[in-house]
Amino acid sequence: MRLNLFPLLVIAVVLFVVLNLSAGLIWVERRLLALWQDRYGPNRVGPFGLGQILADSIKLFTKEDWIPPFADKPVFILAPAIVVATSLISFAVVPFAPGFVIADLNIGILFLLAMSSLGVYSVVLAGWSSNNKYSLLGGIRAAAQMMSYEVFMGLSLLGSVILAGSFRLTDIVEAQRGLWFVVPQFLGFILFLIAGVAETRRLPFDLAEAESELIAGFHSEYSGMKFGMFFVGEYIGVILVSAAISLLFFGGWLGPVLPPALWFAVKTMFFICLFILLRAALPRPRFDQLMSWGWKVMLPLALVNLLVTGAVVLARR
Amino acid sequence: MLSLVRSLWEVFRHTFARRVTVQYPEQKAYLSPRYRGRIVLTRDPDGGERCVACNLCAVACPVACISLQATEDEHGRRYPEFFRINFSRCIFCGYCEEACPTYAIQLTPDCEMGEYKRQNLVYEKTDLMIDGPGKYPDYNFWRVAGVAIGGKDKGQAENELPPVDTHSLMP
Amino acid sequence: MTVATIFIDNAPREVNPKQNLLHVCLSLGYDLPYFCWHPALGSVGACRQCAVKQFRNEQDATGKIVMACMTPAAEGTRISIADPEVVAFRAGVIQGLMQNHPHDCPVCDEGGECHLQDMTVMTGHRQRVYSFGKRTFRNQYLGPLVNHEMNRCIQCQRCVRFYREYAGGHDLNAFHLRDSIFYGRHEDGVLESEFSGNLVEICPTGVFTDATLKHHYSRKWDLQMAPSICVHCGLGCNITAGERYGTLRRVVNRYNHEVNGYFLCDRGRFGYEFVESSLRIRHPLVDGKPATRSEALERFGAVLRKGAVIGVGSPRASLESNFALRALAGPDHFFAGVPDEESRLISAMVRILRDGPARSPSLDEVEHSDAVFVLGEDLTNVAPIMALRLRQSVRQAPMRLAAGLHIPEWLDHAVRETVQDAKGPLFIASPYATKLDDIATATYHASPDDLARLGFAIAHAIDATAPEVIALSPELETMAAKIAAALRGAQHPLVVAGASCRNRGVIEAAGQIAWALCKVGSPASLSFTMPECNSFGLALMEAPPLSEALRTVRSEPVSTLIVLENDLFRRAPANEVTSLLRGVQHLIVLDHLGNPTTDAAELVLPAGTFAESDGTLVNNEGRAQRFFQVLNPSTDVQESWRWLHEVSVAAGSKSMERWEDLDDLTATIAKEIAAFGALPKVAPPRSAVGKIAREPSRYSGRTAMLANISVHEPRPPQDPDSSLAFSMESGPGPVPSSLIPFFWAPGWNSVQAVNKFQSEIGGALRGGDPGVRLIEPSRESVWQYFSAIPPAFKSRSGEWLLIPVFHIFGSEELSRHAQGISQLLPRPYLALNPAEASLVGAKAGGRIKILIEDSQFELEIMLRADLPRGVAGLPAGLPPFDGIQLPLFCKLASVGTEFSARGVL
């Protein structure tokens, strides 16, 4: 049997890129926020302050690894690992360029959704195992939020699936050769973007960790690299959602002149920046507002979008 | 919804705005002479120690970081035997300066007093004393006070009449 | 007490109609400024500061401005304190008073506790508008205790009124005229009055300040203070002691209506400096070398295990320390550290007070006595505050004259004009002239035996059933009859005596007089002075005297002698002490100052003075009073009872194990010795009161005072023994009167803040005056007159009866070492009647040789015409004679001659 080394290479490349990118995003986010707030951000360590990434990682790794005596120890340790693991696994189905994919599943989108929704366990377990009322509240909030937004997240991208006629991500990208789905599926894109932000618990939907009311919520009790894992998990999530947006609505690697992988990277990066801009600009809603938005506005809109898309597709057939 | 988009745009526009950060160690900020920084003890225009150890700065201090002991020279001029400020506690509120009746204690526009060891933040009189009168070049408490000190007898202060001769009954 | 209703700013208030408006307004808690008035001195209306507006009736809207201190609080009086016109009037007055006040506050010792500052702020005066020159004065040197800074004077006249009229001094007066009145002496010199220190408190501003404080100055707000008891005589005056940076800084009066009122004597006020004396023992000494605490305890334990122990207590140690030693050595092996004769005398005094019908009065009652007989005491030098009280008592009888003219007692000037020089009956019979003689109706100076005979004769004259004195001279007979008549005619007669003469007859005679008075139905009181601060308390323990210790050492195998806060060489002749010390293998001494006894000790433990310990002292009235720790020593110093407790627990003794703190100890004492049953009530137990701050709320420098040692601030020291905290921590609720650490109220920073703590101005503290009387006269009439009347004193040829002459500075052991007082000690001398002096050929200022028992001394001669014939005086308690137990007969010889076997004659 001939050993096929290619998937292993792809895995290695993907891991390298994603992990480094997520670490680098700490720096990117701080610099961008500073830019939009008329500051400099970290600019002292190394050229452009890039050394900050290294400094931060050294700091996180060398900090005291403290497990509170009142915490449920195994769960407390497990929780941060889950978020990183599930987010990383999701990248298995992401096609970076034609043929450059770890597993080109025919149910790629479903896998993506399944994996990313597993991430909520991490938050819930972290909140629960910390044995701290603020953490627990954060965990519960995360679970409720995830439940509400997962529903129309799936529905919002079904429009693209209908247009492409496949759950396979490669097929969806290929189907956008003529026209990016963002044009016919603009509502779907907006809905997916909002759901994506909520899914990654990024501002303005970071109610699970809301500093002002829950003093960092589910990760109040975390420190050192365990805290760092939540951080990294969050950034991987951001990359994943950005990648998904560019795949589903902006034609993935498609684009003139430049190599496909670069197009994909540019598009993904754009949405990452958009995530950061959202954080820089928007205030956090109340939790009840978040929930009623999800159920009373987003879900009906997603259903309407699905209905209309379905009707149009049927009518044109 | 539109307002959200507008605020996104407003924030995005700041990409091209000037940055307001002052790059501190290279660029110095301007500190006014009335800035409340490192505390000093000044001397009167004659070069004498201004502090008369009245304890008012110590009692005004909200964090009680000033302690001193009064003593007197052989001519009755009062001064602090020791004068200590624990800058690790100081909040630079300037109450001590407000309370000082002799303009001895003054806050200066110097805020660069970082130390690696907290113990080094305990300043004694030798660390606090400067050679000049600081912000108030003319005032000398002893020229106004009614007590006699070396070089200034009773009746020689400002606005004082010569001492009463109690053995005379002249009106 | 009748009650009058007056209207203050239209609010009806119930007040004491016998008082003036200022008094009642302050009693009701109003802030009304004043300067010349003082509760103890009365009103003269000099300063015009306490102006209020008085209205004729409800309809009167105009009113007139009156001085509150000069207006009686009559029924229906309507006044306004807040009326704008009167407010402006008061502001105008203080502006005038402040016209010449120098720009001194920052360098003035009074600053921060200045009545003038308080009143100026209260009146709202803040801007000086007078632009002409200020009058100035030159200061005077008034001695090492009081400092003079005359520029600050506002001419309220209080100093002179106190010094001359209240305390009977002569050398302070007002000089010059109009706005340049000068208060001082006619020339520089030490103030002669024993009460000069009160000028510091009586002066509303910084003219008179504490000169000892100046050497280690600290503001009142910076002092860590605690209630304490003066240890320099037997009266137990209440004091507030203040600490800063680990050293004792000063002592001020702590008002106790029943005991010292508003005043202290100079010994009590300035004696505190002994605490910081260079003789102070601060670390244990083992074999004369400094040792650590654990080494000392180890040695103590090792010595204890070797064999029998005897303990010698002390009349200057607290009850608790004495009891701890009694518990350690066992009641059979505990001895009072006082000379035999003194011990017998004090026991006699206690017995007379306990078994007889005459009650020991508080000092306040002493002041209100209207006929007094002082027998054998030099009160000004032995119990100074009692002398000050007696000075007021002679005003009691003449003041009835003023009362008859409807002049209220507080209207000081009018009362004095009415009374003129009239004085109530005060008779003084003493071995030599005393400072009180100037107010005495009659005096009698004779040898102690003759004094006793006069006393017995008076008793006989009061009650014929009392034994008669035979062979009494007709003059004395007349005098006795006169004194007896005066005492019988009085409403509150008082007899004062004490142990100063070292004569049992004197004490019994005093008791006899009081008993005779009681028998004829007069409410007589009987006050004995006590030689030391806890003489009474030690006597109540009924421990055998020092000679019994020597007997025990000779008869039983005793290996260790523990001496508690006592210099044995002051208690007995050196040879006796030496033989006692030779009789034991180990000598352990607990004391605070180095002395010959500590020099001889194998182990010296540093005992806490009154400033470093908690304990109880019993004063001459029989009043137990608690003193509290002021400073937490950084050295090994601690209470003697704590040392003894620690070592006994370490040695495995069960009896003392249970004492965790002072409250346990006092409870144990109360249980074991019936006389001290009330001991736990002297001050509330720690559990009953929340924390009380020893530091005022403005205490400064907390985070800097120790920063030179380490920038990491230590936890404040904890006090296991009392509710008082070594911090600014204070719980809610009122402070019990026995635990008031200092007098302060918002707007009242000076000592006069005491106004806010009294139930009525000049009356008891709210919650009752501190202290519990341990002794009351017997209700049963089992007593019998003394019949042992001594024969008349016959002077011997060639021998003189040497009696102690007391000095306020010098006769007392501890205050002698205070830096200020040490400059005022008399030089050793021999006092002789000039007639006697000529017999031995001595002249004033010359020197003389004296043979006491086996030792010879050469001394300066002081001629005193008041000394009786055949008697010579030697300053009491002054080295090198402090071990000699007077009275005894001595021989004299002029310098250059030798003593013959039969004296010089």
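Which helices of chain C each supply at least two residues of the lining of the largest pocket? They turn out to be α11 (363-367), α13 (384-393), α14 (396-404) and α15 (412-419), where helices (H or I, at least four residues) and strands (E, at least two) are DSSP runs numbered from the N terminus. This is a predicted model, in which local features need pLDDT of at least 70 and side-chain atom pairs count only at pLDDT 80 or more, while totals for chains, interfaces and linings use all residues. Residues are numbered from 1 along each chain as its sequence is written, chains are lettered from A and ligands numbered from 1 in the order in which they are written, and side-chain values use heavy atoms, with hydrogens and water left out.

Back to that pocket. On a 1 Å grid over the protein atoms alone, a pocket is an open set of points with protein on both sides within 12 Å along at least five of seven lines, whereas a cavity is a set where a 1.4 Å probe fits but cannot get out; lining residues have an atom within 4 Å of a point. Points are joined across faces, edges and corners, and a volume is the space filled by probe spheres set on them. The largest pocket holds about 1200 Å³ of space. Its lining runs to 43 residues, with Gln19(C), Pro39(C), Glu367(C), His368(C) and Glu409(C) closest to the centre. The top contributor is α14(C), with 5 residues. By class, the lining has 19 nonpolar, 14 polar and 10 charged residues (Ala, Val, Leu, Ile, Met, Phe, Trp, Tyr, Cys and Pro count as nonpolar, Asp, Glu, Lys and Arg as charged, and the others, Gly among them, as polar).

The second largest pocket comes in at about 1000 Å³. Nearest its centre, out of 39 lining residues, are Met98(C), His101(C), His103(C), Cys105(C) and Gln117(C). Two or more residues each come from α2 (56-60) of chain B and from α2 (84-97) and α3 (115-123) of chain C. Here α3(C) gives the most, again with a count of 5 residues. The lining splits into 15 nonpolar, 15 polar and 9 charged residues.

As for closed spaces, there are 16 cavities of 30 Å³ or more. The largest cavity has about 520 Å³ of space, and its 29 lining residues include Arg502(C), Arg570(C), Phe806(C), Ser811(C) and Gly877(C), the closest to its centre. At least two residues apiece are supplied by α12 (379-382) and β35 (871-875) of chain C. Of the lining, 14 residues are nonpolar, 6 polar and 9 charged. Because domain 4 (343-530) and domain 5 (800-894) of chain C both give residues to the lining, this cavity lies between them; domain bounds come from an automatic or database domain assignment.

Chain A has its own entry in the list: the second largest cavity, about 210 Å³ in volume, has Ser116(A), Glu199(A), Thr200(A), Gly237(A) and Leu240(A) nearest its centre among 20 lining residues. Helix α9(A) gives the most to this lining, with 6 residues.

Finally, the domains of chain C. The centres of domain 1 and domain 4 of chain C, taken over C-alpha atoms, are 40 Å apart. Even so, 11 residues of domain 1 are in contact with 4 residues of domain 4 (contact means heavy atoms within 4.5 Å).
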